[in-house]
Amino acid sequence: MIHQHKILTALLFGLASPAPSSALPQEGGAAMKPWFTEVAKEAGVTWSHVSDRTDRFRFPEIMGGGTALFDYDGDGDLDLYLVQGGVLTPPPPPAEGEAPAPTPPGNKLFRNDSAGGLILFTDVTDEAGVGDTTYGMGAACADFDRDGDIDLYVTNVGPNKLYVNNGNGTFTDQSKKLKVDDARWATSAVFFDADGKNGLDLYVVNNLGWSEAIETPCVNYYGEPDYCSPNNYNAPSVDVLYMHGRLGYGDATIRAGIEAGFGNGLGVTVGDYDNDGDADVYVANDATPNVLWRNDGAGKFEDIGLEVGCAVNGLGAPEAGMGVQFIDMDSDGHLDLYMTHLRRETNTFYRNLGNGKFSDKTNMTGTSRASLNMTGFGMGFHDFDHDGVLDLFVANGAVQAWKDDERFSKTDAYAEPNHLYRGQMRGKNVRLSLVQEEGATANPVIGTSRGAAFGDLDGDGDVDAVVVDLDANVEILRNDAPAAGTHWVGFRVVEEKRGKLADVHGARVSIAGMEEGTRQQRQAEPCYSYLSSNDPRVHFGLGAGEMAKDVRVRWPDGTEQAFGDLAAGQYHVLKRGE
Amino acid sequence: MLHSSQRLRAFPPVAPSRLFGLALLGLAAPQALSAPLPSAWTSPLETATASALRDVGPPPRVGDMSAMDPALVALLDERIAAVEKEPTSVEARVALGFAYESNTIWSLAEECYSQALELAPDENQWRFRRGVVRHALGEIDGALNDLRAAATAYKNTPVVQARLGDVLRLIGELDEAEAAWRQAIAAEANQPQPIEYAASRVGLAQTLIDLGEPAEAEALCRRALELQPDYKQAHFTLGVALSDQGRDEEARPELVMGETSFQQFPPDPHGTQLREATRGFSRRMMLIENQVQAGDLAGAKQGLDEVLKERPNDHMVLNLASRVLLSSGDMEGARELLQKSLDVSPNEPGTLIDACLLALRESEAIVGQLGQMQMAQQQGQPLDEARFEELRRQGTVKATEAVEYAAKAVQAAPTVGRNHYWLGVAQRSLAGFATDAQAQGQQFQAALQSMQNALRLGCTEPGFNQQLAQLYAQMGRPREMMLHTERHLSEFPMNPIALQMMIENSIRSGMPELATAEALTPYVERLLAVTPGDAGAAQFAVRVYLTVKDLDRAESALSVFEKAAAGVPQAAEFITAVQAAIAAERAAPTDPDGETTDDQTSDQGA
């Protein structure tokens, strides 16, 4: 009843968001054009996340939900999958004569029908057969079986779901058949090639071993009942690694060494941090040390996070790791790490030193100040304004209630504004400045934001965003940032497998940088942010440049291929061996 | 190989405070020493004159206190009333500010300190306080302004300089941060009674690491550890400094010991006022838990007795109080409180596990008695068989009780790894009382299944790998025994018991590559390094080298033993026996393969 009241209030009072403004103040005082416009309703997406929040403050209520952008029907644009919460603990079966409980709300798939510069989506959930009603968390997407279409894995508080794409607009749930239906509280997941064999393997991150029986009353900074810290439960979990063999998936958690590590897992990303030709896995844990699984190339992993400097922050403290991304911030050819954290913790930047180690260099990024006062979840580094320098979007939302006049929303005590940081080069490093607190959005929605996915929704060459807010309508943020005279280029990185083209996750595309002698690098990896899956294509802003010069691909096995100079303003397909 | 997420097991296994995240802020971190007030603050409120009859506004209030802890509400009401009674009193304003700050209502604390500054603009101590809460609020620019002003006014107050240094480092103003931390250290030397705080040295070290000067950072951390050997952050920062210098082997144990560490600061002259303003059940419990972690059981018990008067049926309080009594050796008192907790919440998994732990402790005590009886028998004393059997029966009862409690916890919360772990420990304990090999084997198998469930689910208990290693040893599975022995040592690299277990299991494993002098020497040397002057460790080292027939190292270890055991009556006997064994070993003819003709352990008689 409390939950319904909150939704009604939100609808009546419009979430207390400020009136649209034509210009937004920025740090330093100069006005600037908003970078994003929120267009969910115009796009035909009136979908609200349902967290099932109650006054019992059950931990999973405050932690979901995710979203995925992937081309389910192979028509070249990004479709949208939204992961619903719903009912956390299903009621027992009705007694004789009693009416059954209503079906909880389920996940949704929207087909992208954008045209003429307008972002448009159509609900195709029922015909696709992907409307899972288990209490959902996140999603991962990939063509795991190499049959030319993209499949979908959904993580839940309860059995996870693997929807195998049938190639005809429908999916089949093969979770049980392929034995990937682990029933613990899973959060993020990623398809990747752990051992260089067969299809894609699957890493599933588990949060703590939650059940209603272990819930405990906790209070916030004001001494009021509120959500607990994960450490109050003292029940961290082991993740799961499924390896794909000829007969499907097998649980390789123990033989791969994954059971040696555990935590309250939330985020995951994959990248070859040490450039040795295999995919390593980084898990962001909540209030426990993070894990960096170094791959030996044959699918055995060793947790080296602590000894290489990315398990805890530079002061030795574990932080609440949520969103995470491998990104080469300083263009030195090595993947750095950036993560979002809790209020009163900064987001953290681990710089890859190139010698197998990382160093906490948060204080050099420019994000310490602003991130200290927010709880960050979904995140993504992209050149949103096409000036040739990476920017950063962070979706924020509290896990403990703000109080009284500190609140950002009259109707939601957990709501926080999103943040957009504009990148500027300072030597070889990107220095980020908060552009405008409300995510640089023309009609900002102040919500309890969680998952965020990034991709070009309308095919105009810039990176848009989708943000899931708890108990509120999803935000679809159309990117309006690039100024006239700026250019972009995009790449789809593929290889042929069994006669079909497949995206090569983990391939790295580099182009000549704007300064002579420099290069910019991006990873073709959809798994980053929080609980979400992103556009697998690689995107560069070129500033005034009209060509992407000296385009090269570093394939996941470490081999390189050159593609020469390619024209700006379009997506190119970079195919291995061609 | 480190398993960083297993480092969490080094966290003491007490129930974490219900208060979300407070420990992360260092507010709950125990202060190293109580600070003498800096001379400028000796009478902090002397200059608190009513500068003018200015209206600085009403006392800030929390809008809706209906859901707040009643004890906190009562304090706030009292202090708000004091402000309303004397609105120009700086003392009243800051007292309310202390109440808000110590209870983490920072925004209202900021307002109170701002009002105090309006009344007394020259009182930079309130500027300092406001800077601290602004930092907590994330208002970095405001915090910097205040802390810079306070640092100018209080050059010889270490905590003021340290807080400034911390904020400057946070935003990357490293040169100024270094200056502030150095001033903090200089301020310590300038006290009426010079003092050195570990926290300042570590703060400066962190900044120097950022500046690319790890060698000086290393020296500072080592000094910090001399001052405060248990300061985890000093270990961690030392590890980073060593790693930055490419000294990875040395860095590893420091990083492990320092993982999950939190920032400390030199003592705050307002610390007493802040502590006495702390209210609310959760904060009191957090302070009690800190006392338990710090080993102050008497203080913890006193606090718990007070809380129990107000909340006699709170199972978390009862459980913690029971644990404190158990740690103090009062098993009867512990059992009484735990029974009350079970009466209140019979299916609460945490309570059930505490009951399991108590029963295990009781069964261990019985095992100890049985062991003493057996040792006495070996030394020629007759065994009282009836008493022996009665004790075995009692031990079986206790171990069975432990199994039942843990099984209920598993049933109530099957997704929590630690519940399965304790069930495994209890089952292993029960196996120890079995009267026949088959029954024992079945119990071991059950214990292993439970432990494997815990492994699959994840478990934070510090002794997890140790238990698994011992269980695999009992089941005759050396490879798994060694896997978990290594993992246990990687969690506790400087722990003598873990080192000893590593060495013993390496020899026992039957894997020849593990039982050579070359393989064992690094562990033996580390053991001797962490137990300087310990005759028992030196004696152990001698036995090890004799076992693996490294006679030169055995002699070297023997001289270490001789020094450590000077004055111990039995030492001479041991030395003589070992010397004889070494001589005999050297004299024994060797075969063409280099083996001695006697390949048995040669420390017999030593």
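**A tour from helix α17 of chain B to the A–B contact**

Select residues 349-378 of chain B, helix α17: at 1.5 Å a residue its 30 residues should span 44 Å, and the end C-alpha atoms are 43 Å apart, which agrees. The expected span is 1.5 Å times one less than the number of residues; helices (H or I, at least four residues) and strands (E, at least two) are DSSP runs numbered from the N terminus. The model is predicted: local features need pLDDT of at least 70 and side-chain atom pairs pLDDT 80 or more, whereas totals for chains, interfaces and linings use all residues. Residues are numbered from 1 along each chain as its sequence is written, and chains are lettered from A in the order in which they are written.

Next, select Gly380(B), which follows α17(B) and has a positive phi, near 105°.

Add helix α15 (residues 315-327) of chain B, whose axis comes within 10 Å of that of α17(B) and crosses it at roughly 15°. Axes are lines fitted to C-alpha atoms over the stretch in contact, with angles from 0 to 180 degrees between N-to-C directions. The two helices are therefore roughly parallel (under 35 degrees). Residues in contact (C-beta atoms, placed from the backbone, within 7 Å) include Asn319(B) and Arg323(B) of α15(B), and Asp354(B) and Leu358(B) of α17(B).

Now select residues 90-123 of chain B, listed by UniProt as "repeat: TPR" in an unreviewed entry; such annotations may be inferred rather than shown by experiment. This span is 79% helix and 0% strand, and its end C-alpha atoms lie 10 Å apart.

Finally, display both chains: their contact takes 61 residues from chain A and 63 residues from chain B. On chain A, the elements giving two or more residues include β21 (301-303) and α4 (368-372).

Note on methods:
Contact = placed C-beta atoms within 7 Å. Parallel < 35°, antiparallel > 145°, perpendicular 65-115°, else oblique.
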